[in-house]
Amino acid sequence: MDLWPTQWEMAISVYVFPLAVAVAVVIFIVWRQHRKDVDKLSDELDAARSLAQERERERDLAQEELFRRLYEERELNKDKVQFRAQLAEYEKYAALAQLALGAAHEINNPLLGILSNLELELKDTFDPEQRKEIEQCVAGAKRISSTLRGLVNYARPGPLLLSKISLHRLAADTIAFIGHQPMLRGKLLQNEVPADLPHIRADANQLSRVLMNLLLNAAEATPEGGKITVAATKLTYVDMIEVRVTDTGCGIPPDILAHAFEPFFTTKRGRGTGLGLSICQAYVRRPQRRDARR
């Protein structure tokens with residue numbers, strides 16, 4: 001038996017096998033390089049995705065910041081408009097105050113003389129028709145004087161005289177003072193301010209005028225048989241006392257409510273000056289500082 005390789009086997013072992021090995025090596029190298037390229041592309045794709053997500057997040061944050069600034073600018077513009085409206089309102093009130101003080105000075109002195117002469121003439125007149133005419137003139141002069149006092153009080157309130165006040169006592173005194181008014185006949189006026197409330201420090205005269213104006217307004221809006229109540233409560237979380245005046249009347253219509261505190265605005269044609277609630281608001285908003293001359 002011949003064990004020597006044939007020429008073909010020798011050729012395969014010498015040429016084909018090394019060539020196959022070389023081809024396998026080349027294929028392996030190419031695959032390895034391709035694998036590296038694929039991994040590199042995959043890493044670059046992941047980096048691109050991360051960058052895109054970061055850019056998208058930055059874009060969302062930029063949009064939120066833009067919307068926030070636009071909202072703040074809109075609110076600021078709204079505040080500016082409100083501030084300008086308030087400034088115009090204050091300028092109007094300042095002009096009104098100057099006009100009120102000038103009018104009071106020019107009208108009050110001759111008016112007092114006219115009123116004194118009318119009252120003297122009324123004492124010496126016995127004819128009913130003449131007395132009626134003079135009484136109408138006296139009532140008109142007193143109405144003018146009351147309007148002037150309201151203007152002066154609105155334009156230049158007197159100095160604060162602070163003292164310790166019992167709200168229960170103040171409400172009782174105010175109710176007793178106006179209880180005889182004809183508009184309160186047939187109406188129940190109640191003082192529900194607790195007597196044990198802590199004393200407050202305020203101007204008793206101004207606070208009494210605020211209560212008086214509110215009670216008289218309530219009396220005009222309350223029908224006969226109705227009830228008007230003054231109440232007060234110590235607030236829980238702040239060192240303040242809330243005072244309330246309520247009635248069983250018709251209330252203020254919504255279209256009038258916005259004008260309730262405007263000077264000279266009144267629904268009582270021929271009977272009111274429209275300054276009562278304006279003076280109340282001026283007193284309540286006035287800082288409660290101690291009067292230096294007290």
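**Notes on the predicted model, starting from helix α4**

1. Helix α4 is a good place to start. It covers residues 204–221, and at 1.5 Å a residue its 18 residues should span 26 Å; the C-alpha atoms at its ends are 26 Å apart, so the expected and computed values agree. Bear in mind throughout that this is a predicted model.

2. What sits at the start of α4? Asp203 caps its N-terminal end, with a side-chain oxygen 3.0 Å from the backbone nitrogen of Asn205. Asp203 itself is found in strand β3. Is Asp203 buried or exposed? Its relative accessible area is 6%, so Asp203 is buried, given that the cut-off for buried is under 20%.

3. Now for the inward side of α4. Its buried residues are Gln206, Ser208, Val210, Leu211, Leu215, Ala218 and Ala219. Which elements do they pack against? There are helices, α3 (167–178) and α6 (276–285), and there are strands, β2 (188–192), β3 (200–203), β4 (227–234) and β5 (241–247).

4. The α4/α6 pair deserves its own point. These helices pack at an angle of about 145 degrees, and their axes are 9 Å apart. The crossing is left-handed. On the α4 side, the residues that meet α6 are Gln206, Arg209, Val210, Asn213, Leu214 and Asn217; their partners in α6 are Gly276, Leu277, Cys280, Tyr283 and Val284. Gln206 and Val210 also appear among the buried residues of α4.

5. On to the nonpolar cores. The largest one has 18 residues, and those with the most contacts inside it are Leu184, Leu189, Val193, Leu215, Ile228 and Val230. Two or more residues come from each of α3, α4 and β4. Which element gives the largest share? That is α3, with 5 residues. As background, nonpolar side chains tend to be buried together in soluble globular proteins.

6. Val193 is worth clicking on if you want to see that core from the inside. Not counting residues up to four places away in sequence, Val193 touches Leu167, His168 and Ala171, as well as Val230, Ala231 and Ala232. Apart from this core lies another, of 9 residues, among them Leu111, Leu115, Leu118 and Val138.

7. Leu115 gives a view of that other core. This residue lies in helix α1 and is buried, with a relative accessible area of 13%. Leaving aside neighbours within four places in sequence, Leu115 is in contact with Val138, Ala141 and Lys142. The C-alpha atoms of Leu115 and Gly140 are separated by 9.5 Å, although these residues are 25 apart along the chain.

8. Thr125 is in the loop between α1 (7–123) and α2 (128–155). Is this loop residue buried or exposed? Its relative accessibility is 9%, so Thr125 counts as buried. Its side chain reaches back to the backbone oxygen of Glu121 at 2.7 Å. With neighbours within four places left aside, Thr125 is in contact with Gln130, Arg131 and Ile134.

9. For contrast, look at Ala195, in the loop between β2 and β3. At 58% relative accessibility, Ala195 counts as exposed, the cut-off being over 50%. Ala195 and Leu167 are 28 residues apart in sequence, with 7.8 Å between their C-alpha atoms. Leu167 turned up above as one of the residues touched by Val193.

10. Ile256 is found in helix α5, residues 254–257. At 22% relative accessibility Ile256 counts as partly exposed. Ile256 touches Phe265 and Thr267, not counting residues up to four places away in sequence. Between Ile256 and Thr266 there are 9.4 Å, C-alpha to C-alpha, for a sequence separation of 10 residues.

11. Last, the chain as a whole. The protein chain has 6 helices and 5 strands, which follow one another as α-α-β-α-β-β-α-β-β-α-α. How many of the 294 residues are buried, as a percentage? The figure is 21%. Of the contacts with a separation of 6 or more, 70% come from residues 24 or more positions apart.

Definitions and conventions: Residues are numbered from 1 along each chain as its sequence is written. This is a predicted model: local features need pLDDT of at least 70, side-chain atom pairs count only at pLDDT 80 or more; totals for chains, interfaces and linings use all residues. Side-chain values use heavy atoms; hydrogens and water are left out. Helices (H or I, at least four residues) and strands (E, at least two) are DSSP runs, numbered from the N terminus. The expected span of a helix is 1.5 Å times one less than its number of residues. Buried means under 20% relative accessible area, exposed over 50%, partly exposed in between (1.4 Å probe, protein chains only). Contact means heavy atoms within 4.5 Å. A polar contact is a pair of N or O atoms within 3.5 Å; within protein, one must be able to donate a hydrogen and the other to accept it, and residues adjacent in sequence count only if both atoms are side-chain atoms. A nonpolar core is a set of buried Ala, Val, Leu, Ile, Met, Phe, Trp, Tyr and Cys residues joined through side-chain atoms within 4.5 Å. Axes are lines fitted to C-alpha atoms, for helices over the stretch in contact, and angles run from 0 to 180 degrees between N-to-C directions. A crossing is left-handed if the near helix is turned anticlockwise from the far one by less than a right angle, and right-handed if clockwise.
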